Amino acid sequence: MDTGKSVRGSKKDIGHMKPLELFKELEKKFREAGIESPRSLLFHLFRDLLEIPENKILLNEEIYISPTESEKLASAVERLLAGEPLDYVIGWKKFLNIYLKVDRRVLIPRPETEELVEKVIKDCHKKCCFFADIGTGSGAIALVIAKTVPDSIVYATDVSKEALELAIENARINGIKNVRFLWGEYLLPIQAMLDKIEVIISNPPYIKSNLISNLEIQVRKYEPLVALDGGSDGMDFYREFLKQLPSGKKVYLEIADYTAESLEELVKQHRKDYHLCIERDMYGFRRYAILTPVALVSR
Ligand code: SAH
């Protein structure tokens with residue numbers, strides 16, 4: 001059957017089709033538009049948007065693409081060509097053991113942050129009861145912890161109301177009920193619960209303001225600035241956070257490699273009650289700042 005519908009910008013009608021031809025045509029178009037790794041991007045798109053796996057494309061087995069799917073593909077191709085990140089175009093992202101809906105209201109969760117969450121879960125032996133995730137965005141950190149440690153209560157905060165709306169939707173989609181969402185800055189929304197909260201996690205904005213314009217277009221044009229901009233030295237969030245942090249908590253922060261020294265200095269000067277340990281990510285960058293109450297370290 002020929003539906004008469006076509007992928008916009010392509011003269012190919014699609015209905016029953018051999019996918020390799022369409023794939024190659026789009027690959028050429030993406031390459032000409034200067035898009036990096038167009039093949040893997042397209043395999044991903046075909047798999048997640050149309051449920052056509054890589055082997056079906058490569059074997060060039062005849063498949064059927066409905067008019068609706070054809071429209072979906074056309075609009076996705078347009079958005080990708082304009083520079084929008086694939087994860088926003090697909091509309092969801094896998095993060096450890098959950099699937100998150102993502103759109104321009106929130107930062108796309110990164111693999112480095114998965115590593116941060118794994119550290120938290122490993123250290124708490126699935127026992128800790130009260131956590132806080134400051135700047136929850138899509139809800140990534142809070143929701144994985146809440147799902148993995150089901151007896152816990154996780155307070156998830158954000159300064160962005162629209163991010164919180166999406167995080168709440170993600171909790172519902174994943175059937176996770178032990179997260180409490182709160183709006184506000186830094187530790188202010190959890191003041192009343194701070195005594196019982198044992199572990200605080202945050203992946204805050206930490207990019208130096210003058211570096212934002214150097215970021216790739218997908219990030220700088222599409223991801224929320226409030227999720228990225230850490231002020232002139234990338235340290236704005238950490239400075240205020242450390243002022244508000246009470247003693248006696250275990251804290252896990254994601255950082256930029258270039259903020260590691262400033263953070264060490266800040267903790268040395270102002271938080272003698274905490275011991276700071278900086279750890280590297282899978283790429284070898286200093287990425288995690290782990291604060292432990294001094295009393296617990298010297299025991
Ligand atoms: N935790 C998510 C999102 C990180 S992006 C993840 O790891 O993928 C940082 C988030 O912090 C954004 O959603 C932003 O809105 C929020 N944020 C920025 N400044 C904040 C502040 N002062 N207090 C609370 N949240 C803040």
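**Exercise 1. Two residues with positive phi**

Task: State which accessibility class S37 falls into at 47% relative accessibility.

Solution: Buried means under 20% relative accessible area, exposed over 50%, and partly exposed in between (1.4 Å probe, protein chains only). At 47%, S37 therefore counts as partly exposed. The residue lies in the loop between α1 (19–32) and α2, where helices (H or I, at least four residues) and strands (E, at least two) are DSSP runs numbered from the N terminus. Although S37 is not a glycine, its phi is positive, at about 45°.

The model is predicted: local features need pLDDT of at least 70, side-chain atom pairs count only at pLDDT 80 or more, and totals for chains, interfaces and linings use all residues. Residues are numbered from 1 along each chain as its sequence is written, and side-chain values use heavy atoms, with hydrogens and water left out.

Task: Decide whether Y186 is buried or exposed.

Solution: Y186 has a relative accessible area of 18%, so the residue is buried. Its place is the loop between β7 and β8 (199–202). Y186 too is a residue other than glycine with a positive phi, near 50°.

**Exercise 2. The chain as a whole**

Task: Give the number of helices and strands in the chain, and the share of its residues that count as buried.

Solution: The chain holds 12 helices and 11 strands. Of its 299 residues, 51% count as buried. Along the principal axes, the C-alpha atoms fill a box of roughly 70 × 40 × 30 Å. For contacts (heavy atoms within 4.5 Å) between residues at least 6 apart in sequence, 63% join residues at least 24 apart.

**Exercise 3. Helix α8**

Task: Compare the end-to-end distance of α8 with the span expected at 1.5 Å a residue.

Solution: The expected span of a helix is 1.5 Å times one less than its number of residues. For the 13 residues of α8 (residues 161–173) this gives 18 Å, and the end C-alpha atoms are 18 Å apart, which agrees.

Task: Explain why the buried residues of α8 can be said to line one face.

Solution: First, the buried residues are A163, L164, L166, A167, N170 and A171. Next, viewed down the axis of α8, these buried residues fall within an arc of 165°, so they line one face of the helix; the arc is that of the directions from the helix axis to the C-beta atoms. An α-helix has 3.6 residues a turn, so residues three or four places apart point the same way. The face turned away from the buried side carries the exposed residues K161 and R172. Finally, the cover over the buried residues of α8 includes β4 (98–101), α7 (140–148), β6 (153–158) and β7 (179–183). Just after α8, G175 takes a positive phi of about 65°.

**Exercise 4. Two helix pairs**

Task: Describe how α6 (residues 111–124) packs on α7.

Solution: Axes are lines fitted to C-alpha atoms, for helices over the stretch in contact, and angles run from 0 to 180 degrees between N-to-C directions. The axes of α6 and α7 are 10 Å apart, at an angle of about 35°. The crossing of α6 past α7 is right-handed; a crossing is right-handed if the near helix is turned clockwise from the far one by less than a right angle, and left-handed if anticlockwise. T113, L116, V117, V120 and I121 of α6 meet I141, V144, I145 and T148 of α7. The contact comprises seven nonpolar, two polar and no charged residues. Here Ala, Val, Leu, Ile, Met, Phe, Trp, Tyr, Cys and Pro count as nonpolar, Asp, Glu, Lys and Arg as charged, and the others, Gly among them, as polar.

Task: Carry out the corresponding description for α2 (residues 38–50) and α4.

Solution: The two axes come within 11 Å and cross at roughly 145°. Again, the crossing is right-handed. From α2 the contact takes L41, L45, F46, L49 and L50, and from α4 it takes E69, K72, L73, A76, V77 and L80. By class these are nine nonpolar, no polar and two charged residues.

**Exercise 5. Residue K147**

Task: Identify which residues K147 contacts, leaving aside neighbours within four places in sequence.

Solution: K147 is found in helix α7. Its relative accessible area of 40% makes the residue partly exposed. The contacts of K147 beyond those neighbours are N97, I98 and I176. K147 and K177, 30 residues apart in sequence, are 8.8 Å apart in space, C-alpha to C-alpha.
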